[in-house]
Amino acid sequence: GSKPVENQAMIDTLIAKLSHPECGLFIGDPIGDLHEVDENDPSHMNAVIRVLKRIARQSNVACMIMTHSTKGGTHEDRVGNMDILRGSSATVYKARMAFTLMGMSESDAENYGVQPAELGHWIRMDDAKMNLSLKGEQMLWFKRQGVKIASGDMVGVLHQEPLTINTMFIKMRIAGLLIDNMIATNSSTMQITQAASFIRSNEPLWATKTETEIRSRLEAMFGIVTEVQ
């Protein structure tokens, strides 16, 4: 119907189990599997969050929920943005803290010196909302790893690993590609328009950029000055 109905028997069961002294955290992953209400209805989602808060409070545990995000938008606009939550914003506005989990972008790989083949191995977590503290400026990086469990099966896990900015990585990659091409073609010079076209075709991290963007990057990267007479 139009009004959510609480499953009190299930709520009581959860509270009883979570009240065990060794329980400290309740994770609902994803939140969509915890209810059958309209996720786009603010009043419905307010009801769901109220129940989760009551369960956490009465069980004396922390509560974390996972949810999916909307599609579209640039990677830069999505990281650390709590408004990309799918469904009603009531879900995230009722939370004290929120984070985004995103894959590594080509721009990230360029900035941190990650090889293109490993781009899909990395995940970043950014602060999206902090009610009780300031949002952090630095993201946390996690790398996908395979771990063998007792059954002998391999399962994927995320392992936190440090990454630092490497400003020389992309410059050395681009310079290496241009030098190799000039050696292969027995050339001592290359027009910047030719260089931009070549890089776009041969550098995966810049494959989605336009040749105009690449030319601008090359000029800034190598201190190229162009003159028109």
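A salt bridge is a side-chain nitrogen of Lys or Arg within 4 Å of a carboxyl oxygen of Asp or Glu. Lys and Arg count as positive, Asp and Glu as negative, and His and the chain ends are not counted.

This is a predicted model: local features need pLDDT of at least 70, side-chain atom pairs count only at pLDDT 80 or more, and totals for chains, interfaces and linings use all residues. Residues are numbered from 1 along each chain as its sequence is written, and side-chain values use heavy atoms, with hydrogens and water left out.

**Exercise 1. Find the charge partner, or the lack of one, for Arg78.**

Step 1. Place the residue. Arg78 lies in helix 3 (residues 75–78). Helices (H or I, at least four residues) and strands (E, at least two) are DSSP runs, numbered from the N terminus.

Step 2. Check burial and charge. Arg78 is buried but has no salt bridge. Buried means under 20% relative accessible area, exposed over 50%, and partly exposed in between (1.4 Å probe, protein chains only). The nearest side chain of opposite charge is Asp77, 9.0 Å away.

Step 3. Look at the backbone. A polar atom of the Arg78 side chain lies 2.8 Å from the backbone oxygen of Thr70.

**Exercise 2. Work out the pairing and burial around strand 4.**

Step 1. Assess burial. In strand 4 (residues 122–130), 8 of the 9 residues are buried, so the strand is largely enclosed by the rest of the structure.

Step 2. Take one neighbour. Strand 3 (residues 97–103) pairs with strand 4 in the antiparallel sense over 7 bridges. Two strands pair if DSSP finds at least two bridges between them. Gly103 has Ile123 of strand 4 as its bridge partner.

Step 3. Take another. Strand 5 (residues 140–148) is antiparallel to strand 4, with 4 bridges. Here Arg124 is partnered by Trp141 of strand 5.

**Exercise 3. Resolve the aromatic cluster of Tyr112, Trp122 and Trp141 into pairs.**

Step 1. Apply the rule. Rings of Phe, Tyr and Trp (its six-membered ring) pair if their centres lie within 6.5 Å; planes under 30 degrees apart count as stacked, over 60 as edge-to-face and the rest as tilted. The count comes to 2 aromatic pairs.

Step 2. Describe one pair. Tyr112 and Trp141 are edge-to-face, at 5.3 Å centre to centre and 65 degrees between the planes. Tyr112 sits in helix 5 (residues 106–112) and Trp141 in strand 5, so this pair links distant parts of the chain, 29 residues apart. Tyr112 is buried at 11% relative accessible area. Trp141 is buried too, at 3%.

Step 3. Describe the other. Trp122 and Trp141 are edge-to-face, with 6.4 Å between centres and 85 degrees between planes. Trp122 belongs to strand 4 and Trp141 to strand 5, so the pair ties together parts 19 residues apart in sequence. Trp122 is buried, at 5% relative accessibility.

**Exercise 4. Sort the side chains of strand 1 by face, then find the strand's partner.**

Step 1. Sort. In strand 1 (residues 25–28), Phe26 and Gly28 point to one face and are buried. Leu25 and Ile27 point to the other face and are not buried.

Step 2. Pair. Strand 1 runs parallel to strand 2 (residues 62–65), over 4 bridges. Gly28 stands opposite Ile65 in strand 2.

**Exercise 5. Count the disulfides.**

Step 1. Search. The whole structure holds 0 disulfides (pairs of cysteine sulfur atoms within 2.5 Å).

Step 2. Check the distance. Cys23 is in no disulfide, and its nearest cysteine sulfur, that of Cys63, is 13 Å away.

Step 3. Check exposure. Cys23 is partly exposed, at 31% relative accessible area. Cys63 is also partly exposed, at 34%.

Definitions and conventions:
Polar contact = N/O pair within 3.5 Å; in protein donor to acceptor, adjacent residues only side chain to side chain.
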